[in-house]
Amino acid sequence: MRLGINLGYWGAGMDADNLAVAREADRLGYAVCWAAEAYGSDAATVLSWVAAQTERIDVGSAIFQIPARTPTMTAMTAATLDSLSGGRFRLGLGVSGPQVSEGWYGVKFDKPLARTREYVEIVRKAMARERVAHDGEHWTLPLPDGPGKPIKLTVHPVRERVPLYIAAIGPKNLEQTGEIADGALVIFFAPEHAEETTLGSLRAGRAKAGKDLEGFDVVPTVPMAVGDDIDALADIFRPYTALYVGGMGSAKQNFYNKLARRMGYEKEAAEIQEKYLSGDKAGAAAAVPRRLIDSTALLGGVERIADRMQAYADAGVTTLSLAPAGFTLDERIAGLRTGVEALERAGLA
């Protein structure tokens, strides 16, 4: 199992620290550094900045939002980043959510699975430097009855196939991801519930493509906090968990709330969402069960974290992307180093 680092969103005044974390992860031998986008900093610019100032670590989009870019634009960006980084780019895609897709990009959040499948097909075709022609429900290239003609990408990616990941949560999305992608970006992954929440669906998708999970990259982002007081460490992630389970979406459409319910937290997920959406964010955070946080984060000293890392590896995780807690650069760097020490102690390095 390899380690990654998830730097999340940029532009909040911590960009210099984020870059320092990426460079230290590069020095420590981390496999990949991920950056995200929502409606602030775009991931492509951030990743080019990081790639220019690191040497070995891969840079990955977690995620490029599908409604933000046409598929051929994404192919252009991915090919350029792969070329500029010397073959270190990983392309992560996701449909985002209804609020961002429709409120920020003006793109209807309809048929996300079909939209993703078409998008990936066009991106693959463009990055293979084929002449792009596509006649689908969501994209038609070139437009009919006009001057357009099938064009092929002029940029040559360093690698023949840039790894393509999809951020997936629900069973159908996970199954499709297993079928059409090279890896899955997942969140709130609990080793104890891996089969019913994640791996079973991925395996079904791989079977559709005539493959198994061998060579498929399962990549959860896992918050991490180091210390002795597990209750206090869990409290650090209460607001984060409440935001996703309670407030990331509407009462009817919250993928993370549904995931918590599939993990057995039916009553708790309903309470967290009701309180969060009514404006009681503190109450929502207090309602998050400690065992939910403990099962989806790395908490404790090096030995305890090493044991949990072993559980992630045993559950089928191939790249464990850490999100170390800490408001200072020193705290975040210490978390990076603890991650390496724990991996080595678990015998997984």
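These legends accompany close-up views of a predicted model.

**View 1. Helix H1 packs against helix H15.**
Let's begin with two helices that are far apart in numbering: H1 covers residues 15-28 and H15 covers residues 329-345. Their axes lie 10 Å apart and meet at an angle of about 20°, which makes H1 roughly parallel to H15. The crossing here is right-handed. From H1, the residues to look for are Asp17, Asn18, Ala20, Val21, Glu24, Ala25, Arg27 and Leu28; they meet Leu329, Arg332, Ile333, Leu336, Arg337 and Val340 of H15. By type, the residues of this contact comprise 8 nonpolar, 1 polar and 5 charged.

**View 2. Helix H5 packs against helix H6.**
Next come H5 (residues 112-127) and H6 (residues 171-180), with 11 Å between their axes. The packing angle is about 15°, so H5 is roughly parallel to H6. H5 and H6 also cross in the right-handed sense. On the H5 side you will find Leu113, Thr116, Arg117, Val120 and Arg124, and these meet Lys172, Asn173, Gln176, Glu179 and Ile180 in H6. The residues of the contact divide into 3 nonpolar, 3 polar and 4 charged.

**View 3. Strand E8 pairs with strands E5 and E9.**
Strand E8 takes in residues 164-167 and runs parallel to strand E5 (residues 89-94), to which 3 bridges join it. E8 also pairs with strand E9 (residues 183-187), again in the parallel sense and over 3 bridges. Tyr165 is a handy residue for finding your way here: this E8 residue is the bridge partner of Gly92, and Tyr165 has Gly183 as its bridge partner in E9.

**View 4. Ala36 sits in the loop between strand E2 and helix H2.**
The loop follows E2 (32-35) and leads to H2 (43-52). Is Ala36 buried or exposed? Its relative accessible area is 7%, so Ala36 is buried. Beyond its neighbours within four places in sequence, Ala36 is in contact with Gly8, Tyr9, Ser41, Ala43, Ala62 and Ile63. Gln65 makes a useful landmark too: Ala36 and Gln65 are 29 residues apart in sequence, and their C-alpha atoms are 9.1 Å apart in space.

**View 5. Two peptide bonds are cis, Ala62 to Ile63 and Leu141 to Pro142.**
The bond from Ala62 to Ile63 has omega near 20°. Ile63 belongs to the loop between strand E3 (58-61) and strand E4 (64-65), and both Ala62 and Ile63 appear among the contacts of Ala36. For the bond joining Leu141 and Pro142, omega is about -10°. Pro142 lies in the loop between strand E7 (140-141) and E8.

**View 6. Ser96 and Asp145 have positive phi values.**
Neither residue is a glycine, as you can check from the names: phi is near 65° for Ser96 and near 60° for Asp145. Ser96 is placed in the loop between E5 and helix H4 (98-103). With 24% relative accessibility, Ser96 counts as partly exposed. Where is Asp145? Look in the loop between E7 and E8, where Pro142 is also found. Asp145 has a relative accessibility of 85% and therefore counts as exposed, the cut-off being over 50%.

Conventions: Residues numbered from 1 in each chain as written. Predicted model: local features only at pLDDT ≥ 70, side-chain atom pairs only at ≥ 80, totals over all residues. Heavy atoms only, no water. Axes fitted to C-alpha atoms, helices over the stretch in contact; angles between N-to-C directions. Helix = DSSP H or I, 4+ residues; strand = E, 2+ residues; numbered from the N terminus. Parallel < 35°, antiparallel > 145°, perpendicular 65-115°, else oblique. Left-handed = near helix turned anticlockwise from the far one by under 90°. Contact = heavy atoms within 4.5 Å. Nonpolar A, V, L, I, M, F, W, Y, C, P; charged D, E, K, R; others polar. Buried < 20%, exposed > 50% of the residue type's maximum accessible area, 1.4 Å probe, protein only. Pairing = 2+ DSSP bridges.
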